[in-house]
Amino acid sequence: IKLLNMPLTTEQAETIAQRALEVARKNKLNPMAVCVMNGAGQTLFSKMELPNVLLRESIARGKAMGALGLGVDSANMVKMFEARPYFFQSLFTASQGSLIPVPGGVLIRD
C-alpha cells in the first residue's frame, strides 16, 4: 500500500509489486500475491505467483485493506485484534468481511 500526497501511478504500483515478489523469492518464501492500492483503497496493480491458489489474491487484498483502513501494518493488527476482539468483530461487519488481520499488509509512506 502506498500513501502519498500525490497520486500513485500504475507504473509505480507495478514496480512496488515486482520488488516485493523479488524479495519473496530471495527469501525463499511460499508463492505469494501482491496488491498495491492507493489511499482510497482502489487496486492499482495486483500480481500473483504460480502455482496460484484460488484465494491468494483475495487474501493479499484483505491484508492490504486492513492495513490501509486502520493506518497500521497488518502485523500490528494482530496485537490489536487480540486486545480488542469485539472491536474487530465490528470492523469485519463494517468492511463486509474484507479485512484480514494477519501479517503481510504494509503501509508505504513518503
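This passage describes a pocket, two salt bridges, a surface patch and several backbone features of a predicted model.

The model is predicted, so local features were considered only at pLDDT of at least 70 and side-chain atom pairs only at pLDDT 80 or more, while totals for chains, interfaces and linings use all residues. Residues are numbered from 1 along each chain as its sequence is written, and side-chain values use heavy atoms, with hydrogens and water left out.

The largest pocket has a volume of about 560 Å³. Pockets were sought on a 1 Å grid over the protein atoms alone, a pocket being an open set of points where a 1.4 Å probe fits, with protein on both sides within 12 Å along at least five of seven lines; lining residues have an atom within 4 Å of a point. Grid points are joined across faces, edges and corners, and the volume is the space filled by probe spheres set on the points. The lining of the largest pocket comprises 24 residues, of which A20, M32, A33, V34 and G104 are the closest to its centre. Helix α1 (10-26), strand β2 (33-37) and helix α2 each contribute at least two residues to this lining. Helices (H or I, at least four residues) and strands (E, at least two) are DSSP runs, numbered from the N terminus. By class, 18 of the lining residues are nonpolar, three are polar and three are charged. In this division Ala, Val, Leu, Ile, Met, Phe, Trp, Tyr, Cys and Pro count as nonpolar, Asp, Glu, Lys and Arg as charged, and the others, Gly among them, as polar.

Among the residues closest to the pocket centre, A33 is found in strand β2. A33 counts as buried, at 13% relative accessibility. Buried means under 20% relative accessible area, exposed over 50%, and partly exposed in between (1.4 Å probe, protein chains only). The C-alpha atoms of A33 and L50 are 9.2 Å apart in space, and the two residues are 17 apart in sequence. L50 is in turn joined to P51 by a cis peptide bond, with omega about 0°. P51 lies in the loop between β3 and α2.

Two salt bridges were counted, a salt bridge being a side-chain nitrogen of Lys or Arg within 4 Å of a carboxyl oxygen of Asp or Glu. One of them joins the side chains of R19 and E22, at 3.5 Å from N to O. Both R19 and E22 lie in helix α1, three residues apart, which is about one turn of the helix. E22 is partly exposed, with a relative accessible area of 39%. The other salt bridge pairs E49 with R25, with the closest N and O atoms 2.8 Å apart. This pair links distant parts of the chain, as E49 is in the loop between β3 and α2 and R25 is in helix α1, 24 residues apart. E49 is buried, at 14% relative accessible area, whereas R25 is partly exposed, at 36%.

The loop between β3 (43-48) and α2 (56-70) also holds L55 and N52. L54, L55 and I59 make a nonpolar surface patch of about 330 Å². Patches are made of residues with over 30% relative accessible area and no salt bridge, in which like charges are joined within 9 Å and nonpolar side chains (Val, Leu, Ile, Met, Phe, Trp, Tyr) within 5 Å. Accessible areas come from the Shrake-Rupley method with a 1.4 Å probe; for residues, only the protein chains shown count as cover. N52 is partly exposed, with a relative accessible area of 46%. N52 and R25 are 27 residues apart in sequence and 15 Å apart in space, C-alpha to C-alpha. R56 lies in helix α2 and is buried, with a relative accessible area of 16%.

A positive phi of about 55° was found for K28, although K28 is not a glycine. K28 lies in the loop between α1 and β2 and counts as exposed, at 73% relative accessibility. Q96 likewise has a positive phi of about 55° without being a glycine. Q96 lies in the loop between α4 (85-94) and β4 (108-109) and is exposed, with a relative accessible area of 77%.
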